[in-house]
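Work through these exercises with the model open beside you. Try each task before you read its solution.

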Amino acid sequence: MTSPRSALLAVLLASAPFTAARAADAPDISITLAPVADPRGALTRMDVSVRFEAPPQGAALAAIAVTANTVETSARSMTALVFSDARGVLPVEARDAEKDGDNLERTWKPLRPVEGPVTVAYRVSIDPTQPGLAKPQYELRASDGGLSGAGNAFLILPADERPRALSVHWDLARAGKDARGVSSIGAGDSRSSRPLRADQISGSYYMAGQVGTYAKGTFFGTWQGRFGFDGPELMDWAARLQSFYGTFFDQRPASFGVFARTNPVNPGSGIGLTDSFAFTFSEKTPIADLESLLAHEMVHAWINSLSDSMDAPGGLGLSWFGEGLAVHYQRLLPWRAGLISRQAFLDDLNSTAARYYTNALIATPNDRIAEGFWKDTRIRVLPYDRGSLYFASVDSEIRAASQSKRSLDDLVRRMLAERRAGHAMDLTLWKKLLGQELGAKGLADFDAMLAGGTVLPPSDAFGPCFKRVTKPLKRFDLGFDPLILVTPDRVVKGLKPGSAAEAAGLRDGDRILNRFPQDALQGDQDAALTLDIERDGQKLSFTYKPRGETVDAYQWASSAHGCATN
């Protein structure tokens with residue numbers, strides 16, 4: 001299993017994908033993007049123009065995130081910003097304020113009545129030397145002859161929730177020879193198949209320049225940089241799986257796209273987007289790892305998080321649902337489709353189980369997830385691991401209770417049908433359907449899971465091909481206080497006596513210079529961590545396996561009894 005993805009951040013858009021509303025019935029919003037290359041061919045800026053019908057008088061006119069889920073956007077680096085309407089230049093007042101407790105948002109309010117549609121024009125500079133980030137790849141980034149970024153990182157959009165028909169126009173005259181432009185709504189100049197709210201437009205992706213492209217039916221792929229294998233091979237695999245998903249979930253999108261860009265600091269991460277998703281890779285990333293990533297992220301196109309106004313800040317309190325189901329289906333559906341082997345299924349399952357059953361914070365209650373999500377990888381992975389094993393248990397129990405007439409698949413499809421019919425797909429609906437299938441015990445087990453109880457699927461929960469076993473595995477342990485990694489100085493403290501970090505030579509007071517993804521590291525028993533540090537003016541490096549005590553963990557092994565070959 002690949003690392004938990006920032007996809008959960010984007011699924012919180014709470015959109016109902018593939019709705020039937022027609023874009024022709026909604027007011028328009030038009031975005032024109034003009035990337036500009038320097039004399040060396042590097043894309044170093046983009047001129048942006050956004051035109052839309054203004055929100056009601058007296059309300060905020062437009063908005064952009066200044067920080068989006070810990071990522072600094074282009075809001076502070078915009079220049080030549082001008083608002084205008086039918087009367088000409090529109091004077092505005094800008095204001096920055098916290099949103100959702102963690103993010104900063106900038107809004108603009110008009111200083112006179114607005115007349116007619118509003119046009120916002122501005123320029124965004126792109127630093128080609130900006131360091132790689134082990135964060136969601138929202139930021140507008142130029143590399144490998146192209147540029148890419150999510151809408152929330154650079155688009156000023158209406159400050160309301162009114163759906164609008166989106167048109168994207170690319171002006172590539174200054175972007176270099178053979179430059180291409182692709183967005184979440186399609187390649188080149190495109191118009192959305194349905195109206196989109198501002199949060200859905202901010203949750204779309206944009207890529208331009210010297211990029212690779214692939215298209216098959218309603219599926220398209222675009223990549224910035226070079227894979228260590230044939231790019232169309234991966235995209236063709238994804239297209240076949242996406243088609244299988246459409247049949248399984250009984251719902252097909254008008255179009256669906258994937259975007260890939262290089263990131264040597266955090267390869268193999270991804271973000272779920274509006275009718276699309278984006279992921280990172282390096283030339284060393286194996287194709288199998290990216291297939292697992294694609295399988296996970298494409299589930300989010302159908303299964304978003306539950307909608308519930310009482311959810312924890314940022315929606316993370318419900319991530320057990322969206323992320324848990326995505327992990328559950330990322331291995332199950334490709335296996336059913338014949339796109340991965342039995343061993344690949346088993347490897348993915350055991351990576352999840354190993355990380356969960358060796359997690360020192362396994363008992364963290366669900367209502368504590370949000371506060372620790374960005375502070376400690378052991379908390380961050382719990383919704384993924386705990387949720388996926390919980391759904392495996394529910395599936396097994398539903399099959400047993402119904403004499404194999406129903407399964408978790410039926411319950412999930414019923415929930416999606418309720419959403420398509422315009423009803424809330426929320427926690428109330430989940431508990432109602434769960435109670436119908438499994439009664440009071442099912443609801444009690446659900447509450448126990450949320451309270452932090454250890455989830456243990458039956459031995460045959462994954463079918464007759466697999467059986468549960470125990471195996472001695474080591475807990476993930478950095479050897480020092482993980483909270484220092486989210487501080488500006490990143491100075492080591494709380495070094496554990498006898499830890500692998502201490503044995504490698506790390507000391508309290510060392511300043512960590514490099515950044516590294518922890519989620520995948522936590523799931524790999526054999527992975528080594530290299531820390532580049534500064535100590536008394538000297539730069540040193542220490543390498544060790546971030547592992548601590550050995551515990552008995554549950555795993556699954558192949559069972560020849562009653563199992564058909566896949």
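**Exercise 1. Which residues of the largest nonpolar core touch the most other members?**

Solution. This is a predicted model.
Step 1. The largest nonpolar core holds 79 residues.
Step 2. Those that touch the most other members are Phe 249, Phe 279, Trp 320, Phe 321, Tyr 329, Tyr 390 and Trp 430.
Step 3. Take Trp 320 and leave out residues up to four places away in sequence. Its contacts include Leu 306, Leu 325, Tyr 390, Trp 430 and Met 449. Asn 366, Pro 383 and Gly 387 are also among the residues that Trp 320 touches.
Step 4. Apart from the largest core lies another, of 42 residues. Val 114, Val 124, Leu 196 and Tyr 206 are among the members of this other core.

**Exercise 2. Describe strand 3 and find its partners.**

Solution.
Step 1. Locate strand 3 at residues 62-68. Seven of its seven residues are buried.
Step 2. Look at strand 8, residues 103-110. Strand 3 pairs with strand 8 in the antiparallel sense, over five bridges. Here Ala 63 has Thr 107 as its bridge partner.
Step 3. Turn to strand 12, residues 157-158. Two bridges join strand 12 to strand 3, and the two run antiparallel. Pro 158 in strand 12 stands opposite Ala 62.
Step 4. Now take strand 4, residues 71-72. Strand 4 also pairs with strand 3 in the antiparallel sense, over two bridges. Val 71 in strand 4 faces Ala 68.
Step 5. Strands 3 and 4 form a hairpin with two residues between them. In the turn, Asn 69 has a positive phi of about 50°.

**Exercise 3. What is the strand order in the open sheet of five strands?**

Solution.
Step 1. The order is 10-11-17-14-15, and the pairing is antiparallel.
Step 2. Find the edges. Strand 10 (141-143) and strand 15 (186-187) each pair on one side only.
Step 3. Go inside the sheet. Strand 14 (residues 180-183) and strand 17 (residues 205-209) share four bridges. Ser 183 stands opposite Tyr 206 in strand 17. Tyr 206 is also listed in the core of 42 residues.

**Exercise 4. Is each partner in these salt bridges buried or partly exposed?**

Solution.
Step 1. The count of salt bridges comes to 33.
Step 2. Start with Arg 112 and Asp 85, whose closest N and O atoms are 2.9 Å apart. Arg 112 lies in the loop between strand 8 and strand 9 and Asp 85 in strand 5, so the pair ties together parts that are 27 residues apart in sequence.
Step 3. Apply the cut-off: buried means under 20% relative accessible area. Arg 112 has 15%, so it counts as buried. Asp 85 has 10%, so it is buried too.
Step 4. Compare Arg 406 and Glu 437, which meet at 3.1 Å, N to O. Arg 406 lies in the loop between helix 9 and helix 10 and Glu 437 in helix 11, so this pair ties together parts that are 31 residues apart in sequence.
Step 5. Arg 406 is partly exposed at 37%. Glu 437 is buried at 13%.

**Exercise 5. How does the radius of gyration of the protein chain fit a compact globule?**

Solution.
Step 1. With 566 residues, a compact globule would have a radius of gyration near 24 Å.
Step 2. The protein chain has 24 Å, which agrees.
Step 3. Add the cover: buried residues make up 55% of the 566.

Definitions and conventions
Residues are numbered from 1 along each chain as its sequence is written. This is a predicted model: local features need pLDDT of at least 70, side-chain atom pairs count only at pLDDT 80 or more; totals for chains, interfaces and linings use all residues. Side-chain values use heavy atoms; hydrogens and water are left out. Two strands pair if DSSP finds at least two bridges between them. A nonpolar core is a set of buried Ala, Val, Leu, Ile, Met, Phe, Trp, Tyr and Cys residues joined through side-chain atoms within 4.5 Å. Buried means under 20% relative accessible area, exposed over 50%, partly exposed in between (1.4 Å probe, protein chains only). Contact means heavy atoms within 4.5 Å. The radius of gyration is taken over C-alpha atoms; the globule rule is 2.2 Å times the number of residues to the power 0.38. A salt bridge is a side-chain nitrogen of Lys or Arg within 4 Å of a carboxyl oxygen of Asp or Glu.
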